[in-house]
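Here is a short tour of one protein model, meant to be read with the structure open beside you. We will look at charged pairs, a helix and its surroundings, and the spaces inside the fold.

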Amino acid sequence: MLRTALTDALRISNPIIQAPMAGGGDTVELVAAVSNSGGVGSIGAAYLKPEQIVERGKQVRAATPQIFGINLFAPLDATTPSTQNVQRAVSRLSKYYKELGIEPPTEVSTQQFNFNDQLAACFESGAGVFSFTFGIIPKPAVQQVKRRGIFLMGTATTVEEAIALENLGVDAVIAQGCEAGGHRGTFMGPFEAGMVGGMCLIPQTCSQVGIPVVASGGIMDGRGIAAAIALGACGVQLGTAFLTCKESGVAECYKDAILNAQEDSTRLTRAFSGRPARGIENRVLRDLAPHQDEILPFPAQNSLTRAMRNEATKQNRSDYLSLWAGQGTRLSRRSSAAELVHSLVAETEEVIGTLQSRVERERSAA
């Protein structure tokens with residue numbers, strides 16, 4: 001029942017992709033477990049040095065013979081904030097550093113890893129899927145991916161972006177609905193214009209592009225997967241659903257926050273990274289909401305809050321963490337990654353089977 005263009009292209013058992021989660025959630029164990037269960041586990045490699053990318057790939061390959069994916073941010077033009085703006089931002093966050101018992105940074109970095117170096121490392125990682133977000137990657141990079149026979153995917157939040165990605169030459173487009181947790185992938189027009197719900201984004205994207213569409217955003221169970229398939233998607237990408245798995249690398253307080261959150265618990269914020277992202281509301285998010293002018297652009301703000309977030313993870317204190325999560329949190333559950341994938345497949349097949357039976361009954365009655 002779950003055979004699609006995506007499963008055929010990737011030679012996988014089910015069209016479920018574990019979203020790449022740069023920052024530690026997607027451990028080697030999580031990625032391998034998803035791939036071993038017939039889906040596609042993914043490494044979020046944007047914050048990894050090239051040598052770390054190669055090593056992470058080797059570790060995943062040692063844990064699974066199945067296909068897995070790797071993800072980078074598209075090259076970005078970073079703006080260096082003024083000294084005055086940095087001082088204002090540091091001053092706003094200094095109390096949190098003090099409460100955590102660490103010194104606030106005296107400067108921030110806008111330095112990013114060289115995309116071409118990271119890409120070369122991805123080719124050595126053993127990944128069979130390469131995806132990207134935050135924009136368009138250079139055409140030579142697309143050609144390099146194609147020459148190696150690696151499946152290429154890009155992230156879109158509007159139909160216009162999806163068409164641009166198809167024209168670029170990707171093999172599939174990830175349609176990120178506004179329900180999705182984590183950073184928004186918007187790259188054409190203002191972020192506000194990219195806040196399109198999955199129910200609207202998926203079918204319109206499927207109608208306008210000729211490549212497989214992978215649905216992303218708020219999908220947590222088989223009903224969501226079946227709905228995405230009914231809307232025309234060939235697969236789904238889930239992030240929040242996997243964060244509460246035992247293999248997930250996030251802090252226990254982060255998992256608890258997801259498990260206890262409601263559908264209206266998340267907010268879009270720039271507080272932690274400088275780029276709009278959806279996360280569960282906590283103290284830092286609330287405190288900084290009225291002070292948007294004191295938040296630095298990405299990646300400077302991300303650099304500024306990194307030590308705070310790392311220390312909060314060690315201390316298991318959720319009020320200082322970027323609790324990225326989508327709007328489907330009420331459907332979260334504790335399980336192993338393998339158990340989750342198997343449950344998702346069984347639930348999806350049950351929903352599809354029920355719908356097919358209903359259609360057949362109505363046809364017979366007519």
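## A pair of opposite charges

Let us start with Asp221, which forms a salt bridge with Arg223, the closest N and O atoms being 2.7 Å apart. Bear in mind throughout that this is a predicted model. The two partners sit in contrasting surroundings: Asp221 is buried, with a relative accessible area of 9%, whereas Arg223 is exposed, at 54%. Asp221 counts as buried because its relative accessible area falls under 20%, and Arg223 counts as exposed because its value is over 50%.

## Other salt bridges

How many salt bridges does a search of the whole structure find? The total is 14. Side chains of opposite charge can pair when their charged atoms come close. One of these pairs joins Asp8 to Arg3, with 2.8 Å between the closest N and O atoms. Here Asp8 is partly exposed, with a relative accessible area of 40%, and Arg3 is exposed, with 68%.

A further salt bridge brings together the side chains of Lys255 and Glu252, at 3.6 Å from N to O. Why are these two residues separated by about one helical turn? The reason is that Lys255 and Glu252 are 3 residues apart in helix α11, which spans residues 252–260. As background, an α-helix has 3.6 residues a turn, so residues three or four places apart point the same way. Lys255 is buried, with 3% relative accessibility, while Glu252 is partly exposed, with 39%. Elsewhere, salt bridges link Lys95, Glu99, Arg283 and Asp287 in a network.

## Helix α5 and what covers it

Helix α5 covers residues 115–124, and its buried residues are Phe115, Gln118, Leu119, Ala121, Cys122 and Phe123. What covers these buried residues? Among the covering elements are the helices α3 (50–63) and α6, along with the strands β3 and β4.

Both ends of α5 are worth a look. At the N-terminal end Asn114 acts as a cap, with a side-chain oxygen 3.0 Å from the backbone nitrogen of Asn116. After the helix comes Gly126, which has a positive phi, near 90°.

One of the elements that cover α5 is α6, and this helix, residues 139–147, contains Gln143. Gln143 is partly exposed, with a relative accessible area of 40%. In sequence Gln143 and Gly169 are 26 residues apart, yet their C-alpha atoms lie 8.8 Å from each other in space.

## The cavity and Ser42

The model has 1 cavity of 30 Å³ or more, and the largest cavity has a volume of about 40 Å³. Its lining consists of Ile17, Ser42, Gly69, Ile70, Val129, Ser131, Met153 and Gln237. Which elements give two or more residues to this lining? They are β3 (68–73) and β4 (129–133). By type, the lining of the largest cavity divides into 4 nonpolar and 4 polar residues, with no charged ones.

Ser42, one of the lining residues of the largest cavity, is found in strand β2, residues 41–44. Is Ser42 buried or exposed? Ser42 is buried, at 5% relative accessibility. A polar atom of the Ser42 side chain lies 2.8 Å from the backbone oxygen of Gln18. Leaving aside neighbours within four places in sequence, Ser42 is in contact with Ile17, Gln18, Ala19, Pro20, Asp26, Val31 and Gly69. Two of these contacts, Ile17 and Gly69, also appear in the lining of the largest cavity.

## The second largest pocket

Finally, consider the second largest pocket, which holds about 250 Å³ of space. Its lining is made up of 16 residues, and Glu179, Gly217, Gly218, Ile219 and Gly224 are the ones nearest its centre. At least two lining residues come from each of α8 (198–208) and α9 (222–230). Which element supplies the largest share of the lining of the second largest pocket? That element is α9, with 4 residues.

The lining of the second largest pocket contains 8 nonpolar, 5 polar and 3 charged residues. For comparison, the lining of the largest cavity has no charged residues.

Methods: Residues are numbered from 1 along each chain as its sequence is written. This is a predicted model: local features need pLDDT of at least 70, side-chain atom pairs count only at pLDDT 80 or more; totals for chains, interfaces and linings use all residues. Side-chain values use heavy atoms; hydrogens and water are left out. On a 1 Å grid over the protein atoms alone, a cavity is a set of points where a 1.4 Å probe fits but cannot get out, and a pocket is an open set with protein on both sides within 12 Å along at least five of seven lines; lining residues have an atom within 4 Å of a point. Grid points are joined across faces, edges and corners, and a volume is the space filled by probe spheres set on the points. Ala, Val, Leu, Ile, Met, Phe, Trp, Tyr, Cys and Pro count as nonpolar, Asp, Glu, Lys and Arg as charged, and the others, Gly among them, as polar. Buried means under 20% relative accessible area, exposed over 50%, partly exposed in between (1.4 Å probe, protein chains only). A salt bridge is a side-chain nitrogen of Lys or Arg within 4 Å of a carboxyl oxygen of Asp or Glu. A polar contact is a pair of N or O atoms within 3.5 Å; within protein, one must be able to donate a hydrogen and the other to accept it, and residues adjacent in sequence count only if both atoms are side-chain atoms. Contact means heavy atoms within 4.5 Å.
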